[in-house]
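Work through the exercises below with the sequence and the 3D structure open beside you. Try each task on your own before you read its solution.

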Amino acid sequence: MRKRINPAELELEERVIRITPVARVRKGGRTRSWNALVVVGNGQGIVGLGFGKANEPSEAIRKGIQDAQKKLIQIPLANSTITHEVLGCYRASRVLLKPASPGTGVIAGGAVRAILDVAGVKDVLSKSLGNNNALNVSNATIDGLKRLRSVKEVAQMRDKTPEEILSRWA
């Protein structure tokens, strides 16, 4: 279980991935409300995804930001990229994330790009597979980022030193 991150101690950047109007038909007519999918991050490996619903767009965004701040996670970074290749899954969506050499940039689109930008990942390759619904793709990306392991964690699991793990790739 990961330790909860306190958002009050961080300078978080907020980005709206998607805001959607929703209409519900009742006997008095249509009732309009809004859904907002929001990502927050500090640009240094901390990121959170939130979803808010309200009768006004600004209120939905505010609720989404609050939800995202409750769900902050720390991801291991290797310089400007991720530590290893990973596949994140959520319902019918899958997102493949691959580390890239410095200067490559973020090769991703839509929701994946927004999440990786606020997380502070500068060089990564990605491929979205399956369903392209923004909510599912976002959750698949967060799942992939949660699955990332640092070199220290991998070395500890294998009863080796971090140098032994890294020497294989040198």
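**Exercise 1: a core and its contacts**

Task: Find which residues L97 touches, leaving out residues up to four places away in sequence.

Solution: Taking contact to mean heavy atoms within 4.5 Å, we find that L97 touches I82, H84, E85, V86, V112, L116, L125, S126, T141 and L145, not counting residues up to four places away in sequence. Before going further, note that this is a predicted model, in which local features need pLDDT of at least 70 and side-chain atom pairs count only at pLDDT 80 or more, whereas totals for chains, interfaces and linings use all residues. Residues are numbered from 1 along each chain as its sequence is written, and side-chain values use heavy atoms, with hydrogens and water left out.

The next step is to place L97 in a nonpolar core, which is a set of buried Ala, Val, Leu, Ile, Met, Phe, Trp, Tyr and Cys residues joined through side-chain atoms within 4.5 Å; buried means under 20% relative accessible area, exposed over 50%, and partly exposed in between, with a 1.4 Å probe and protein chains only. The largest nonpolar core has 27 residues, and of these V47, L97, L116 and L145 touch the most other members. At least two residues of this core come from each of β2 (29–41), β3 (46–54), β8 (93–99), α2 (110–119) and α3 (134–147), where helices (H or I, at least four residues) and strands (E, at least two) are DSSP runs numbered from the N terminus. The largest share, 7 residues, is supplied by α2. Another core, of 12 residues, lies apart from it and includes A36, A54, A60 and I65.

**Exercise 2: salt bridges**

Task: Determine how many salt bridges a search of the whole structure finds, and describe the one between R147 and D143.

Solution: A salt bridge is a side-chain nitrogen of Lys or Arg within 4 Å of a carboxyl oxygen of Asp or Glu, and the search finds 5 of them. In one, the side chains of R147 and D143 meet at 2.9 Å, N to O. Both residues lie in helix α3, 4 residues apart, about one turn of the helix. R147 counts as partly exposed because its relative accessible area is 41%. Elsewhere, salt bridges that share partners join E13, R15 and D117 into one network, and within it the closest N and O atoms of R15 and E13 are 2.8 Å apart.

Now consider K71 and D67, whose salt bridge has its closest N and O atoms 3.2 Å apart. Is each partner buried or exposed, or in between? K71 is partly exposed, with a relative accessible area of 46%, while D67 counts as buried because its relative accessibility is 17%.

**Exercise 3: a residue in a strand**

Task: Locate C89 and decide whether it is buried or exposed, or in between.

Solution: C89 is found in strand β7 (residues 86–90), and it counts as partly exposed because its relative accessibility is 33%. Residues up to four places away in sequence again being left out, C89 touches R94, A140 and D143. Finally, compare sequence with space: C89 and V137 are 48 residues apart in sequence, and their C-alpha atoms are 8.4 Å apart.
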